[in-house]
Amino acid sequence: MTRPFSDIRETIFADKEVLSEDYQPDTILERDDEISAYQDALKDVLFGRNPSNVFVYGKTGVGKTAVTQYMLQALQEETATRDEADDVHVRMYNCNRGSVYGAVRTLVNSLREDGAEQFPKTGLSTEVALESLYDEMDRIGGTFLFVFDEIDHLSDADSLLYEFPRARSIGHLTNAKVGVIGISNNYRFRDSLSPKVKDTLMEKEISFSPYDATELRTILHDRAADAFTEGSCDESAIAKCAALAARDTGGARQALDLLRTGGDIAESRGDAVVEDDHIDAARETVQRGRVTDKIRDQTIHGQLVLEAVARLDHAGDTPARSKEIRERYEMVAENHGHEPLTTLKSVQNHLSDLKMLGFLSVTEHNVGKRGGSYYTYELTLDAEAVFDARETIERERS
Ligand SMILES: Nc1ncnc2c1ncn2[C@@H]1O[C@H](COP(=O)(O)OP(=O)(O)OP(=O)(O)O)[C@@H](O)[C@H]1O
């Protein structure tokens with residue numbers, strides 16, 4: 001046998017990185033309206049004015065993060081050329097399951113000079129953390145734009161969002177200005193905020209709609225030109241990825257996943273060109289990954305409630321009532337080292353969210369003449385798929 005690896009050649013991919021999740025495209029296609037809304041929302045920064053707060057929402061994979069990064073980079077480049085504009089400092093924070101304290105602490109540390117003492121993980125109050133943040137911001141000066149991705153995952157987002165927009169007017173900041181950009185794919189997040197916060201955070205709302213097949217095709221076509229060697233990706237395979245993703249999530253991430261996985265499959269089969277049947281084969285793999293992503297998008301307690309239903313399902317104990325699910329949820333939460341939510345109502349709220357997202361189905365049961373009723377819940381996906389996803393997510397966290 002020849003030496004392992006020695007006869008493997010790159011054939012299909014010219015630059016596979018271009019199809020990866022982390023790749024930041026140079027150009028954003030098919031989002032002209034959103035780009036112009038963003039430009040409008042942030043243009044005050046060019047004139048040294050306090051930035052408006054921006055709330056960006058839309059389903060997963062529709063370009064919220066990509067467009068935000070693109071706009072902020074363009075803004076930084078433009079302000080650097082203008083005398084009247086302050087320096088713009090951008091910090092992006094993913095709120096996945098975090099607390100306000102954790103968010104502020106991360107921001108403080110990111111602003112401290114290299115080698116400076118890190119802000120403590122515990123032991124201080126959020127107020128102290130905020131004071132330190134304001135000190136750092138005033139020391140540096142300029143305009144700060146804090147991007148909170150998945151802002152709906154932040155416990156007590158309301159208090160943070162109340163705080164920042166007022167920091168300057170109540171004298172916490174003198175030398176610095178601050179704007180908040182909140183990104184979310186949970187349309188109901190808005191309703192959970194207090195009216196005062198709604199008024200300030202929602203100064204500018206930018207809504208991203210799902211892509212249609214034609215738009216996705218344009219995006220994929222552009223990426224494929226760099227990702228694949230010439231002639232190694234069939235135009236009809238691209239159209240197929242676009243059509244499948246448009247019918248399902250309307251997200252570019254799913255379309256790109258299909259194309260990359262299709263390329264992997266073609267490569268592993270030793271085929272020279274990515275064609276429709278490679279995309280068909282990619283569908284199942286991508287689908288499995290999507291379940292994990294969808295679960296990852298839920299708050300930690302939403303995930304634990306889902307895992308509890310999956311454990312009941314696995315033991316043949318579904319359909320189950322919310323009380324039974326709550327008992328199992330408490331065990332699951334403790335096993336994973338989380339303090340369980342204390343009220344039945346909060347578990348029921350998670351059950352209704354999980355139902356809305358299509359993870360669970362619900363049956364209403366009417367009892368007695370007086371018309372009392374109760375609900376039972378069942379899992380709509382495979383319990384094993386939930387266990388696999390939860391394991392992956394727990395592994396990532398540790
Ligand atoms: N208009 C576009 N042009 C080029 N690439 C795009 C476009 N929209 C999305 N993408 C690509 O699709 C992928 C997903 O986009 P992005 O991360 O911005 O989605 P998102 O809306 O922030 O989703 P989520 O809410 O799941 O984080 C990224 O790899 C991004 O580069």
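User: Welcome me in with a small detail: what is the sign of phi at Gly316, the residue that follows H12?

Analyst: Phi of Gly316 is positive, near 75°. A word on the background: this is a predicted model, in which local features need pLDDT of at least 70, side-chain atom pairs count only at pLDDT 80 or more, and totals for chains, interfaces and linings use all residues. Residues are numbered from 1 along each chain as its sequence is written.

User: What makes H12 a helix, and how does its span compare with the expected one?

Analyst: Helices are DSSP runs of H or I with at least four residues, numbered from the N terminus. H12 covers residues 300-314, which is 15 residues. The expected span is 1.5 Å times one less than the number of residues, so H12 should span 21 Å, and its end C-alpha atoms are indeed 21 Å apart.

User: Why is H12 called largely enclosed?

Analyst: A residue is buried if 20 or more other C-beta atoms, placed from the backbone, lie within 10 Å of its own. In H12, 12 of the 15 residues are buried, so the rest of the structure largely encloses this helix. Among them are His301, Glu307, Arg311 and Asp313.

User: Which domains give at least three residues each to the shell around the ligand?

Analyst: Domain 1 (32-208) and domain 2 (211-295) do; domain bounds come from an automatic or database domain assignment. That assignment also gives domain 3 (299-397), and the C-alpha centres of domain 1 and domain 3 lie 34 Å apart.

User: How many residues surround the ligand?

Analyst: The ligand is surrounded by 20 residues, each with its C-beta atom within 6 Å of the molecule. Thr60, Gly63, Lys64, Thr65 and Ala66 are the closest.

Key. Helices (H or I, at least four residues) and strands (E, at least two) are DSSP runs, numbered from the N terminus.
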